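Visitor: Hi, I have a structure to look at and I'm new to this. Can you walk me through it?
Guide: Sure, let's put it up.

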Amino acid sequence: MKNKGIVIFLILLTIVVVVIIVGDFTSTRPDKQGENPYEFSVDEYTKVDPDLIQYKETKNFRLVFENPEGIAYYKQKLYVLGDQRLQVISNSGNLLKEIELNDFPTSIAVDSTYIIIGFNNYISTYSINGELIKKWDSLGENSVITSLAVWNNELFIADAGLRKVLRYTMDGQKISDFEGKHEEAALHGFIVPSGYFDLAFNTYGDLWVVNPGNHSLENYSLDGSMREFWQASSVQIDGFSGCCNPAQFTFLPDGSFVTSEKGLVRIKIYKPSGEFKCVVAAPEKFTDEGYAPEVVSDENGNIYAVDFNKKMIRLFEPV
Amino acid sequence: MEKKAENRREFIRKSGRLTLGLAIGGLGVLAASRATAGEWVWQIDPFKCNQCGRCATECVLNPSAVKCIHAFDLCGYCDLCGGYLKPDANERSTAAENQLCPTSAIERKFIEEPYFEYVINEELCIGCAKCVKGCTSFGNGSLHLQIMHHICVNCNECSIARVCPSDAIKRVKASEAYQVKGSWSKPL
């Protein structure tokens, strides 16, 4: 009986310890959340068959921008926008030139003569060496310039605010515009729910425009007549989901489409016919619910993607 | 005996003072808490919210005082709304099996081809944020949660704020009780 006190003390201690452990286990404190009965999960769609992934990440360059904004590729050089600067980077990642800008840029296109930079609602043209040639007048207070493409000394502008493609000469004279209506009687053409509206020329000079509200890519003649389109609406790997996908795209030298998506962030390749071909980078490569990477490709079919969340350029090469 | 009587009188005097002190103090605290409750209310910062679902399960009210609201000026009025339709919906329709909301609290109304308006039925909404997550991930983020002050009882310690993993719920001035996206922007 000498140890009776100790035994009682140990029993009480055990009870206290058990209560603390159980209390902690059942606690709902902020860092200890149980299962969310209302969880919205797309986890099952983030899993990609490894056989479909036909590219691997071989290199990445960290960007010094607080807010990277866009990228263009022209003859072994990357032209990267961010903050109020343009950086010209070699394809091995060396900084070749930096140009200060007077405003926050949104988009860029480069050809043999010009660097064309889109700001919120106006354009500035620069020589290929970076000297300012001309700052254009505003395209209108409702304009939101999201993408640029050059063909035969003409500039094509994707304007998400006006929901139109605008066609200009390189000195800023408007030639025409079109809103993607496939027939006169159609109520709407391009359906642009947010600031994602991309266009590009393939190597054959065909103008393709994303219609993000339709999950489609549409081919137009230069005067704005629709020639063909393809559509892929699905949350599965072979389609596009959400309101504004594909958010970005570019072309491979053979005319295949490289698409980049927001929400379920992934980069994929579709054949020139629009048939799904393979995956460049699966969602696991990116930040959950991150921004859609902007993509460009080089002459060898390598793909450079601007990862806006990780603030880096990531190079994906065919396996 | 005299000492005991003195002690009793002293005890009664002290008790009286203590009771009076407590009563005045209590009234002061009550007045202060009412004044505070009148000037400050709980609200969700929609830019911090991570749609964890706790607003639906942790509020002292059932259903929760947290409801989804819709910033129409941000909405794309999409046919394929990520906040309304399940990711793997069979078709873009109002059929229950295609709806993301567990209580069918979002009404989809046709406007003109191909645009639809999405209106929250507050009575049905339980504040689970499932639609908010879908809209934020795949859309413009126009659907978001707010604490509705005609329902909220403005507890001294908000039971949701206590467990909010993103620290999105805080007291705000009653004169600026709502932080609706679009009209209220994320502070720098």
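Guide: One term before we start. A residue is called buried when its relative accessible area is under 20%, and exposed when that area is over 50%. In between, the residue is partly exposed. Keep in mind that this is a predicted model.

Visitor: OK, let's use that. Is A:H215 buried or exposed?
Guide: Buried. Its relative accessibility is 2%, so A:H215 falls under the 20% cut-off.

Visitor: Where does A:H215 lie?
Guide: In a loop of chain A, between β15 (207-211) and β16 (216-220).

Visitor: And what is phi for A:H215?
Guide: Near 55 degrees. That is a positive value, and the residue is not a glycine.

Visitor: What about A:K311, what is its phi?
Guide: About 55 degrees. A:K311 is not a glycine either, yet its phi is positive. It sits in the loop between β23 (303-307) and β24 (312-318) of chain A.

Visitor: How much relative accessible area does A:K311 have?
Guide: A:K311 has 26%, so it counts as partly exposed.

Visitor: New topic. How many residues from chain B and chain A go into the contact?
Guide: Chain B gives 33 residues and chain A gives 32 residues.

Visitor: What area is buried between chain B and chain A?
Guide: About 2600 Å². Carbon and sulfur atoms give 59% of that.

Visitor: How many salt bridges cross the interface of chain B and chain A?
Guide: Zero, by the rule used here. There are six residue pairs in polar contact between the two chains, though.

Visitor: Which helices of chain B supply residues to the side that touches chain A?
Guide: α2 (54-58) and α3 (130-138) of chain B each supply at least two. The largest share comes from α3(B), with five residues.

Visitor: How do the residues on that side of chain B divide?
Guide: Into 15 nonpolar, nine polar and nine charged.

Visitor: Last thing, the backbone of chain B. What kind of peptide bond joins B:N62 and B:P63?
Guide: A cis one, with omega about 5 degrees. B:P63 is in the loop between α2 and β2 (66-70) of chain B.

Visitor: And what is omega for the bond from B:E113 to B:P114?
Guide: Near 0 degrees, and that bond is cis. B:P114 lies in the loop between β3 (106-112) and β4 (115-120) of chain B.

Methods: Residues numbered from 1 in each chain as written. Chains lettered and ligands numbered in written order. Predicted model: local features only at pLDDT ≥ 70, side-chain atom pairs only at ≥ 80, totals over all residues. Heavy atoms only, no water. Contact = heavy atoms within 4.5 Å. Buried area = accessible area lost by both parts, 1.4 Å probe. Salt bridge = Lys/Arg side-chain N within 4 Å of Asp/Glu carboxyl O. Polar contact = N/O pair within 3.5 Å; in protein donor to acceptor, adjacent residues only side chain to side chain. Helix = DSSP H or I, 4+ residues; strand = E, 2+ residues; numbered from the N terminus. Nonpolar A, V, L, I, M, F, W, Y, C, P; charged D, E, K, R; others polar. Buried < 20%, exposed > 50% of the residue type's maximum accessible area, 1.4 Å probe, protein only.
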